[in-house]
Amino acid sequence: MTPSSDLEQRVGEFLPLKPVWLQMLLALAGGVRHGYAIRLEVEERTGGAVRLWPTTLYGSLAKMSDAGLIEEADAEPVGERDEIDRVFYRLTPLGRTVLAAETERLEELVRLSRSRIAAAER
Amino acid sequence: MREPPISVRASVAAYALFLRLLPRRLRERHGAAMRRMARTLFIDAHRERGLPGVVRAGVATIGDLVLFLVTGTGSVLTSPRPSSVPSGPEGTHPLPTHRGALVQTLLHDVVIAARSLRKRPLLLLVGSFTLALGIGATTAVFSLVWGAWLKPLPYPDADRLVRIGDVHERFEPGLYSTVSIGNYVDMKEGSRTFEATTLFTWSGAEPEGMDRRITLLYSEPNLFETLGVDPSLGRAFATDDPDADERTVILSHGLWQDAFGGGTDVLGRELVMFERPWTVIGVAPDGLEFPREVDAIIPFRWSQEQRNAHGGRSMYAFGRLQPGVSLDAARSDLRAIYAGIAERYPESHEGWTVGLSSFREFVVGRDHTALRLMGWAAGILLLITCANVASLLLARAESRKREVAVRAALGAGRTRIVTSFLAESLILGVLGGVLGLAVALGGIDLLVSIFGGSLRRPSEIGLNVTTGAVALGLVASTTFVVGLVPGLSLNVRRLGEVLRDGSRGRRRGRSSVRKVLVVTQVALAVILVSGAGLLLNTTWRLAGADLGFEPEGAVAAYLELPGDRYAERPEQGRLYRRLMEALRSRPEIAAVGAGDRVPPDGNITNNGYRSVGSAESLDFVVTRQVTPGYFAAAGVDFVAGSEFEWQEPSDSLTTAIPVVVNERLAAALFPEGDAVGRLIANGDRRFQVTGVVESVHQRGADVPAQPALYSPWPAVPLSFQSRPVLLLRGTDATAEAESAALAALRGVLEDIDPDLRLGSRSLEESLAGLYGPQEFAFSLMAVFAGLALALGVVGIYGVISYTVAERAREVGIRMALGAPRRRVVTEVLRQGLALTVAGIVLGLGAAALLGRSLESLLFGVSTVDLPTYAVVGSIFVAAAAVATLVPARRASRVNPTEAFRME
């Protein structure tokens, strides 16, 4: 699938992805979540190193949904702390593309970094 | 569900306060969820780690919000201890080693201070509330000043927008007159420093289907281009085709909402004004900031005749400088052109040139006195609160003396000890800041609800990033100042004596610092209260002052005249004459007249009036056109002579136009007296004085009246683009009489021409805003003075209570030895009053010196007003007596046996 140049350009605007956004998109790539569930997932996955405090969490949700990376979804409760939050989000196709593009960018970086390190060790 | 602990609830409340700093859209969308999540986080933190956990979570949550605001993109706040690193044992507070040693110490001290302050809730409460008052009030005032005055206009490169106005050599700096169309066009065409310029003026209309009079902006079609914005809907006026856009209108955002319900189908619809339809072609963006609130904009294109007119000054003008052009460069550019014009038309340009000033100043006014006053008042209040809290902490330092001495003996340096005091003030400061934010929010709402009417941009006032940053700065600086006082007043080297002397260490030094603080507080409060006193005196005097006319019982009625039937002066004159004759026979009407404007309006002046036979001429003469009956209806009394008869436009006025002048003009042109019958010349026109009336104070009783000349309408045409206003006086000075008079007018209109539409305004309403600056200043000072007085009293109470507690043992012993109870009370009272009187004397001295800065706001009161000072002094003495009496009585009830048992 080759994205049209228009879409390509839009995706390019988001790269490199802000670290918070990457973490949040990653959480949403696992399925429909509400804000608090995103926080829990990120905290768990990073072993507590990344904590999303409420303003950043919801501020970023608002900004990402304005940017068209995520959209509201019908409730599909995950069961945990549902009383806090009743608005669920999922990735939009654009969001998925951006996440994929960012992953590719990071892969490229990792490859480059590996080869340099290997060269230096030789 | 169990109620969460107070620390959780307080943290949630604090976070909720900070949420108000966020953009409204985000708040509306997610505010509730953010709050619920913060609450859950705090509850979890409390369960896991207790109070320190809540504090840590609270700091992280609020810090995150501030970071989000500052960076705009959010932040990954990583946990200070990644889980892979083992955490230290509970309670040892390990800190990252890369932080500065001082910060590390301070953080450690903060934890200790928090624990010890928890045991002194009263100190915590009083200290943080007092600071909250100072910080909150200052933040609120700053928000007001920022929103109403300092904030830049919402136009791109707004600093390049400048006002263009004529200035006379005798104008005070900052005063600008309107410009003539001919001069303007010459400057526009000749200037090389402007990107664009726009000519405009204001008028009013009563559109069909609306129950209010709207403000119309007649503007050169390029208005939006000069401002640098686009209409939010539709298009701007065409600027290239001189015949385009006839009878089209661009609505303000507000009028679009009011009259058309904010629908997007408004384009192409019609607004009926002056009995003719005007097609809506656009809607101006919300928050179009202009020197007056604009409801609708219609295009103004000058005729050839107007283009060549260099005499009358009737239009406003502003322009956008080219990038990089300084105000001075543009001024000399325009002045060179103006000098050429003045050479060609010397008679209308004697002493005149052109001036430039910032357009923002034109929009928001130049009210520097009120601005300065507010700043001073808030600053003084902040100082008082600082002095207050500093003396609280000083007392606290006294009780920590032994602990500090031990620490010093164990090798703690001065810095270390000062930091430990700073830690306490930091906690008070942060708490005070959070509470202060609440005070500021409440204060802003209060200030806007009180002063909204007299402020130019009430909608712009509120907490935002700028004002929030100022509040944060205030917290930091007050914390620092307040915390340094006790720390620095300690003499570390002599602390050893404390340990040697036991509890009876030397106390004199410290308590004298505290006395100085109290005297300072009282003195500062006296300054504020006496300022408020002078302003109160002024508002009383202004309210009773004679303006030269009687606003009560009079009402101004504006008629919309259909252009086709009443286009010319003779028809208009006939209509008004019929109306007035019919009205005079009605019992509800005591007097009726018409004129171009109603008092106290002082706009539109002309120059060059002289008494015939004299070369001395008078400038800035207010020129009015009125009918017989106008003076009686306005309540302006005749001093000599009488009014002129009705003059038809066809009446031959070749000899001299009969006019009425005010006392001010009569005194200036005919200083020998007896103005009636004398001749006045202006250019080649001649006027004959038929009567002299008292002078109407056009700008309030505190500003001298301008000379005025009233000529007869309809014989003399009205000033630029206005219709005569009917002025009705009811049978008495009540609002009922005013409405009865209006009802009578409606009845008469029904008979004479039912198509005529009517708008009205009571004359008292036209006075609103006349004393705006004084009322504003007074109300504000009253609020601050009240707070200052309260804080001063609290300060006196605190110091006296402390002294009493300190001397309890001595007093007890003396009473055991037979000292009478009364003597103990008097002694304590005397001590309190001595401090107060010292403060009053200092404060009144300072007030007398500072009074001059109030001068421009005062009326009928000298800047050093002894009666006011006497009242202020007695208020403070009385308040101090009450504040002292409570601890004094407590002292007298000391139980001698307990006193002996004290350490």
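Student: In this predicted model, what makes one say that both faces of strand β6 (residues 248-251) of chain B are covered?

Tutor: B:Thr248 and B:Ile250 lie on one side, B:Val249 and B:Leu251 on the other, and all of these residues are buried. Buried means under 20% relative accessible area. In a regular strand the side chains alternate between the two faces of the sheet.

Student: How do you know that β6(B) pairs with strand β8 (residues 276-283) of chain B, and which way do they run?

Tutor: Pairing requires at least two bridges, and 4 bridges join β6(B) to β8, so the two strands are paired; they run parallel. B:Thr248 stands opposite B:Thr279 in β8(B).

Student: What joins β6(B) to strand β9 (residues 296-299) of chain B?

Tutor: There are 2 bridges between β6(B) and β9, which run antiparallel. The requirement is at least two, so this also counts as a pair. B:Ile250 has B:Ile297 as its bridge partner in β9(B).

Student: Why is B:Glu765 called partly exposed?

Tutor: The relative accessible area of B:Glu765 is 48%. Partly exposed lies between the limits of 20% and 50%, so the term applies. B:Glu765 sits in the loop between β24 (757-762) and α21 (772-806) of chain B, and belongs to a negative surface patch with B:Asp546, B:Glu550, B:Glu552, B:Asp637 and B:Glu764.

Student: Why does B:Arg120 meet the area limit for a surface patch?

Tutor: Patch residues need over 30% relative accessible area; B:Arg120 has 36%, and therefore passes. B:Arg120 forms a positive patch with B:Arg115, B:Arg118 and B:Lys119, and is placed in the loop between α3 (101-118) and α4 (121-150) of chain B.

Terms used
Residues numbered from 1 in each chain as written. Chains lettered and ligands numbered in written order. Predicted model: local features only at pLDDT ≥ 70, side-chain atom pairs only at ≥ 80, totals over all residues. Heavy atoms only, no water. Patch = residues over 30% accessible without salt bridge, like charges linked within 9 Å, V, L, I, M, F, W, Y side chains within 5 Å. Areas by Shrake-Rupley, 256 points an atom, 1.4 Å probe, with all protein chains shown as cover. Salt bridge = Lys/Arg side-chain N within 4 Å of Asp/Glu carboxyl O. Lys, Arg positive; Asp, Glu negative; His and termini not counted. Charge placed at Lys NZ, Arg CZ, Asp CG, Glu CD. Buried < 20%, exposed > 50% of the residue type's maximum accessible area, 1.4 Å probe, protein only.
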